[in-house]
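Q: Before we look at single side chains, could you show me how to read the confidence of a model and then its architecture and its charged pairs?

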Amino acid sequence: MTDEKTSGDKTISLTGKTLSLKKPAGNEQSMVRQSFSHGRTKTVVVEKVSAKPRSFAPPRPPAQAPAAAPAAEKPRPAAPAAATPTAPKPPAAGMILRTLSDEEREARDRVLAEARVREAEERKVSVDEQARRAEEEARRAAERAEQDRRQRDEDERRRAEDDARRRAEFESRRRASDERPRSLD
């Protein structure tokens with residue numbers, strides 16, 4: 001086939017059955033054998049692009065030439081070194097933290113305030129739920145005590161009835177034996 005030039009320095013070429021794009025150096029290429037579940041395999045080209053180190057630091061404003069101060073103004077005395085704001089030093093290694101903008105700080109404060117309110121409401125609901133459970137448990141304990149008292153009273157009444165019935169039977173047997181005529185001996 002033919003080579004075609006596109007915008008830029010990249011060249012597209014078609015040789016055989018491979019369509020390739022020539023890119024600047026810095027990318028690593030390797031051939032990998034791709035296997036499919038139904039047994040077919042295919043050789044593919046894999047490119048590894050070298051990653052550029054990324055910085056999460058806020059963009060720095062461009063350097064500006066200081067404006068000439070009017071002659072009428074007096075120069076300010078230098079502030080003590082401890083009072084001058086200095087940029088925080090980035091950590092030696094690891095993640096670089098950035099300062100929050102006013103909107104981000106306000107949003108964070110708003111979310112934190114909402115979380116505190118939600119937490120206070122959850123605590124109040126939890127306390128109310130615990131009080132309700134305690135009242136329910138006290139009511140159930142009172143019902144169990146009343147049921148136990150009724151059961152003891154019922155058992156006592158049955159024992160008394162059984163004792164009275166046994167005494168009555170004993171008395172009736174004794175009377176029956178006293179009234180029975182004695183046999184002639």
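A: Let us begin with confidence, since this is a predicted model. Among the elements of the chain, confidence is lowest in strand β1 (residues 4-5), with a mean of 48, and highest in helix α1 (residues 102-179), with a mean of 93.

Q: How should I treat a stretch where pLDDT stays under 50, and which residues does that concern here?

A: The general idea is that predicted coordinates should not be read in detail where pLDDT is low. In this chain pLDDT stays under 50 over residues 1-7, and the model has eight contacts beyond four places in sequence for that stretch. For the chain as a whole, the average pLDDT is 77, while 56% of the residues score at least 70.

Q: Which elements does the chain contain, and in what order do they run from the N terminus?

A: The chain has one helix and five strands, and from the N terminus on they run β-β-β-β-β-α.

Q: What share of the residues is buried, and what share of the contacts with a separation of 6 or more joins residues 24 or more positions apart?

A: Buried residues make up 1% of the 185 residues in the chain. Of the contacts with a separation of 6 or more, 9% are between residues 24 or more positions apart. The accessible surface of the chain comes to about 18,400 Å², and carbon and sulfur atoms account for 54% of that surface.

Q: Could we take one strand residue as an exercise: is Ser35 buried or exposed, and what is it in contact with beyond its neighbours in sequence?

A: Ser35 lies in strand β4, which covers residues 27-35. Its relative accessible area is 58%, and because the cut-off for exposed is over 50%, Ser35 counts as exposed. If neighbours within four places in sequence are left aside, Ser35 is in contact with Arg40 and Thr41.

Q: How do I read charged side chains, and how many salt bridges does the count come to?

A: The general idea is that side chains of opposite charge can pair when their charged atoms come close. In this structure the count comes to 20 salt bridges. One of the residues to follow is Arg149, whose side chain meets that of Glu146 in a salt bridge with an N to O distance of 2.3 Å, and which also meets the side chain of Asp153 in a salt bridge at 2.9 Å, N to O.

Q: Where do the partners of Arg149 lie along the helix?

A: Arg149 and Glu146 both lie in helix α1, three residues apart, which is about one turn of the helix. Asp153 and Arg149 are four residues apart in helix α1, so about one helical turn separates them as well. As for exposure, Arg149 is partly exposed, at a relative accessible area of 35%, Glu146 is partly exposed at 29%, and Asp153 is partly exposed at 43%.

Q: Which residue forms a salt bridge with Arg157, and what is the spacing of the two along helix α1?

A: Arg157 forms a salt bridge with Glu161, with the closest N and O atoms 2.5 Å apart. The two are four residues apart in helix α1 and are therefore separated by about one helical turn. Arg157 counts as partly exposed, at 38% relative accessibility, and Glu161 is likewise partly exposed, with a relative accessible area of 44%.

Q: Which residues are linked in a network of salt bridges?

A: Glu136, Arg139, Arg140 and Glu143 are linked in such a network.

Definitions and conventions: Residues numbered from 1 in each chain as written. Predicted model: local features only at pLDDT ≥ 70, side-chain atom pairs only at ≥ 80, totals over all residues. Heavy atoms only, no water. Buried < 20%, exposed > 50% of the residue type's maximum accessible area, 1.4 Å probe, protein only. Contact = heavy atoms within 4.5 Å. Areas by Shrake-Rupley, 256 points an atom, 1.4 Å probe, with all protein chains shown as cover. pLDDT = per-residue confidence, 0-100. Salt bridge = Lys/Arg side-chain N within 4 Å of Asp/Glu carboxyl O.
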